[in-house]
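Here's a walk through one protein model, written for someone who'd rather be at the bench. Have a look at the fold first, then read on.

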Amino acid sequence: MKETSIRIQHLNVVYGGHTALKDVCLTMPHRQITAIIGASGCGKTTLLRSINRLIEFTEGVRVSGEIWVDGQNIFSAGVDVTSLRKRIGLISQKPSPLPMSVFDNVAYGPRIHGMRDKRALDHVVRSCLETAGLWDEVRDRLHTSATQLSVGQQQRLCLARSLAVQPEVLLCDEPTSALDPVSSQNIESKLLELKKDYTIIIVTHNIQQAMRLADHVVHLYLGEVVEQGSASEVFQKPGDDRTRAYINGNAPSEFRVDAEINLKGKDCPLNFVMAKTALEDLETGQVLKVLIDYPRAITEMPRGMEADGQNVLRVRQLNKTDWEVIIQKQ
Ligand SMILES: Nc1ncnc2c1ncn2[C@@H]1O[C@H](COP(=O)(O)OP(=O)(O)O)[C@@H](O)[C@H]1O
Ligand SMILES: [Mg+2]
């Protein structure tokens, strides 16, 4: 395996008129775990999606700057994006197995890259499932649908699927946020084992998780890097007040709110329908602030939004009657 580490220089990402990353300069060490921490909306996902150039699928996005992976600027002319994405796997927040069997999920990438031999495929599938810690649980049902697995198993399957194309870098976007504690622990221990072979970048807003996993830490704040360094340095003596506040759990929780809607005086379910309509005008990742004062809505609105697959970032009482619900569109 080649020596890969990532160096980012003056990266700017602008969605429409909205700057999501501003002059980001970073290094991510070879075969270590780098944790990217920071409040919701600070640009963590944007940063990961830039590293494997998935960001380019977003309409109206402008990207400038340089990302060096293994001595090559991934934005330079002549870079083969397909092989770049093969080298840099992405595991997202919600496991998204393909609607096919467990076996075919893992064999999918190798097949696309030309592997046809049945025995070779059997071998890759087994070894990746073993590495992801899933083999014993699925060996007897390799040919059943992946969607029948539990969410925790699905996330390990996604990990196996990423490993199957022999990447050098693993990008993990809040990989345990949809999982129960035992499944989360499973994933965490796999990541710790995998770092001997892979450069791992994990986005998390769980500080405890970052402390358990990270060798290197980057704190993003409203699209800018405010601190980066070794985990021991950053966690024990952060140099930036905002990092100290974030680590101590009393950050001002700044959100970049993209739209706001006042639903005071509106009862259920009208307020929910109106908030849903307002979300339709936003892009994935954008943030809506909803003001409500209807007592039942305080629990019903967040619950309904989560059932709809949206990300509820915060529910907060503003005064005696008014509440705000902050929702990030998924
Ligand atoms: N497709 C998009 N179009 C417009 N704005 C976006 C888009 N995706 C994300 N954003 C905005 O960019 C900022 C960073 O988003 P994101 O990278 O998803 O943050 P994080 O992962 O830290 O929560 C947010 O303010 C969000 O509203
Ligand atoms: Mg995110």
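Let's start in a sheet. In strand 6 (residues 88–91), Ile88 and Leu90 point one way, Gly89 and Ile91 point the other way, and all are buried. Strands here are DSSP runs of E with at least two residues, helices are runs of H or I with at least four residues, and both are numbered from the N terminus. Buried means that 20 or more other C-beta atoms lie within 10 Å of a residue's own; exposed means 12 or fewer, partly exposed is in between, and the C-beta atoms are placed from the backbone. Strand 6 runs parallel to strand 7 (residues 169–173), and four bridges join them. Two strands count as paired if DSSP finds at least two bridges between them. Ile91 stands opposite Cys172 in strand 7.

Before going further, a word on what you're looking at. This is a predicted model, where local features need pLDDT of at least 70, side-chain atom pairs count only at pLDDT 80 or more, and totals for chains, interfaces and linings use all residues. Residues are numbered from 1 along each chain as its sequence is written, while chains are lettered from A and ligands numbered from 1 in the order in which they are written.

**Cores and helix 3**

The largest nonpolar core has 65 residues, and those with the most contacts inside it are Ala35, Cys128, Ala160, Leu171, Ile201 and Ile202. Such a core is a set of buried Ala, Val, Leu, Ile, Met, Phe, Trp, Tyr and Cys residues joined through C-beta atoms within 7 Å. Helix 6 (residues 151–163) gives the most to this core, with five residues. Ile202 touches Ile33, Ala35, Cys172, Pro175, Leu191 and Leu213, leaving aside residues up to four places away in sequence. Touching, or contact, means C-beta atoms, placed from the backbone, within 7 Å of each other. There's also a second, separate core of 16 residues, with Leu263, Ala275, Ile292 and Val325 among them.

Which residues of helix 3 (residues 102–112) are buried? They are Val102, Asn105, Val106, Ala107, Gly109 and Pro110. These buried residues pack against helix 4 (118–131), helix 5 (135–138) and helix 6. Val102 counts as buried because 28 other C-beta atoms lie within 10 Å. Not counting residues up to four places away in sequence, Val102 touches Val138, Arg141, Leu142, Thr144, Ala146 and Leu157. After helix 3 comes Gly114, with a positive phi near 100 degrees.

**Domains and the ligand**

The domain assignment gives domain 1 (6–99 + 161–247) and domain 2 (259–328); the bounds come from an automatic or database domain assignment. Their C-alpha centres lie 29 Å apart. Four residues from domain 1 and five residues from domain 2 make the contact. On the domain 1 side, that's one nonpolar, three polar and no charged residues.

Where does ligand 1 lie? Domain 1 and domain 2 both give residues to its shell, so ligand 1 lies between them. Of the 20 residues around ligand 1, Tyr15, Thr45, Thr46, Glu283 and Gly285 come nearest. A residue is near a molecule if its C-beta atom, placed from the backbone, lies within 6 Å of it. Strand 2 (18–28) and helix 1 (44–51) each supply at least two residues of this shell, and helix 1 has the largest share, three residues. By class, the shell has four nonpolar, twelve polar and four charged residues. Here Ala, Val, Leu, Ile, Met, Phe, Trp, Tyr, Cys and Pro count as nonpolar, Asp, Glu, Lys and Arg as charged, and the others, Gly among them, as polar.

**Backbone oddities**

Most residues other than glycine have a negative phi, and most peptide bonds are trans. Here are some residues with a positive phi.

| Residue | Place | Phi |
|---|---|---|
| Asp23 | strand 2 | about 50 degrees |
| Arg31 | loop between strand 2 and strand 3 (33–37) | near 50 degrees |
| Leu222 | hairpin of strand 9 and strand 10 | near 45 degrees |

Asp23 is partly exposed, with 14 other C-beta atoms within 10 Å, and Arg31 is partly exposed too, with 18 C-beta neighbours inside 10 Å. As for the hairpin, strand 9 (residues 216–221) and strand 10 (residues 224–230) run antiparallel and are joined by six bridges. His216 has Ser230 in strand 10 as its bridge partner.

Finally, a cis peptide bond joins Cys268 and Pro269, with omega about 0 degrees. Pro269 sits in the loop between strand 11 (259–262) and helix 11 (270–280).

Conventions:
Two residues are in contact if their C-beta atoms, placed from the backbone, lie within 7 Å.
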